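Student: Please walk me through this structure, and tell me what stands behind each label.

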Amino acid sequence: MNDGEPLYREIVEIEWGGYNVRGIVNEVYGLPERRRAVLVLTPELSDCIVAEPTTLSVDLTEIIRIPQGDYISPQATRAALTAAVGYAC
């Protein structure tokens, strides 16, 4: 696993509402002392914690890195983002 910042399209976790929720890194931005990431949350990755795809900006210190094997490909990213249409939790 990369010990630096999360990578574009990497699956990461955050603690949200008492649960660990997975999301896809869509962007990392900000000054060195205030780095943030935009995460894409989907029902499939969040175990239905979110009902429809949404984005969330979080401080990098809130991100929990998970094994690199959970890095998601561009094709799988598109599938995860579009599969929520009609997805019933």
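Tutor: Happily! Let's begin with the word contact, which means heavy atoms within 4.5 Å. In the protein chain, 52% of the contacts with a separation of 6 or more come from residues 24 or more positions apart.

Student: How should I read the numbers in general?

Tutor: This is a predicted model, in which local features need pLDDT of at least 70, side-chain atom pairs count only at pLDDT 80 or more, and totals for chains, interfaces and linings use all residues. Residues are numbered from 1 along each chain as its sequence is written, and side-chain values use heavy atoms, with hydrogens and water left out.

Student: Which elements does the protein chain have, and what makes a stretch a strand or a helix?

Tutor: The labels are DSSP runs numbered from the N terminus: H or I over at least four residues for a helix, E over at least two for a strand. By that rule the protein chain has one helix and five strands, in the order β-β-β-β-β-α from the N terminus on.

Student: What makes two strands a pair?

Tutor: DSSP has to find at least two bridges between them. Strand 1 and strand 2 are joined by six bridges, so they meet that condition, and they run antiparallel. One of the partnerships here is I11 with I24 in strand 2. Strand 2 (residues 19-29) and strand 3 also qualify, because five bridges join these antiparallel strands. There, V25 has L39 in strand 3 as its bridge partner.

Student: What lies between strand 1 and strand 2, and what lies between strand 2 and strand 3?

Tutor: Two residues separate strand 1 from strand 2 in a hairpin, and G17 in that turn has a positive phi of about 65°. The hairpin of strand 2 and strand 3 has six residues in between, with G30 at a positive phi of about 110°.

Student: In what order do the five strands sit in the sheet, and which are the edge strands?

Tutor: The open sheet runs 4-3-2-1-5 with antiparallel pairing. Strand 4 and strand 5 (64-65) are the edges, as each pairs on one side only.

Student: Why is E10 called buried, while E5 is called partly exposed?

Tutor: Set the values against the cut-offs: buried is under 20% relative accessible area, exposed is over 50%, and partly exposed lies in between (1.4 Å probe, protein chains only). E10 has 1%, so it is buried. E5 has 33%, so it counts as partly exposed. Across the protein chain of 89 residues, 31% are buried.

Student: What makes E5 and R35 a salt bridge?

Tutor: The rule asks for a side-chain nitrogen of Lys or Arg within 4 Å of a carboxyl oxygen of Asp or Glu. E5 and R35 come to 2.8 Å, N to O, so the pair passes. It links E5 in the segment before strand 1 (11-16) to R35 in the loop between strand 2 and strand 3, 30 residues apart.

Student: How many salt bridges are there by this rule?

Tutor: There are three. Another is E10 with R65 at 2.9 Å, N to O. That pair joins E10 in the segment before strand 1 to R65 in strand 5, 55 residues apart. E13 and R22 also meet, at 3.0 Å, N to O. In that pair E13 is buried at 13%, whereas R22 is partly exposed at 27%.

Student: What makes a group of residues a nonpolar core?

Tutor: They must be buried Ala, Val, Leu, Ile, Met, Phe, Trp, Tyr or Cys residues joined through side-chain atoms within 4.5 Å. The largest such core has eleven residues, including V12, V25, L39 and V58. Strand 1, strand 2 and strand 3 each give two or more residues to this core, and strand 3 gives the most, with three. Another core of five residues lies apart from it, with I11, I24, V40 and L45 among them.

Student: Which residues does V58 touch?

Tutor: Leaving out residues up to four places away in sequence, V58 touches I14, R36, A37, L39 and I63.
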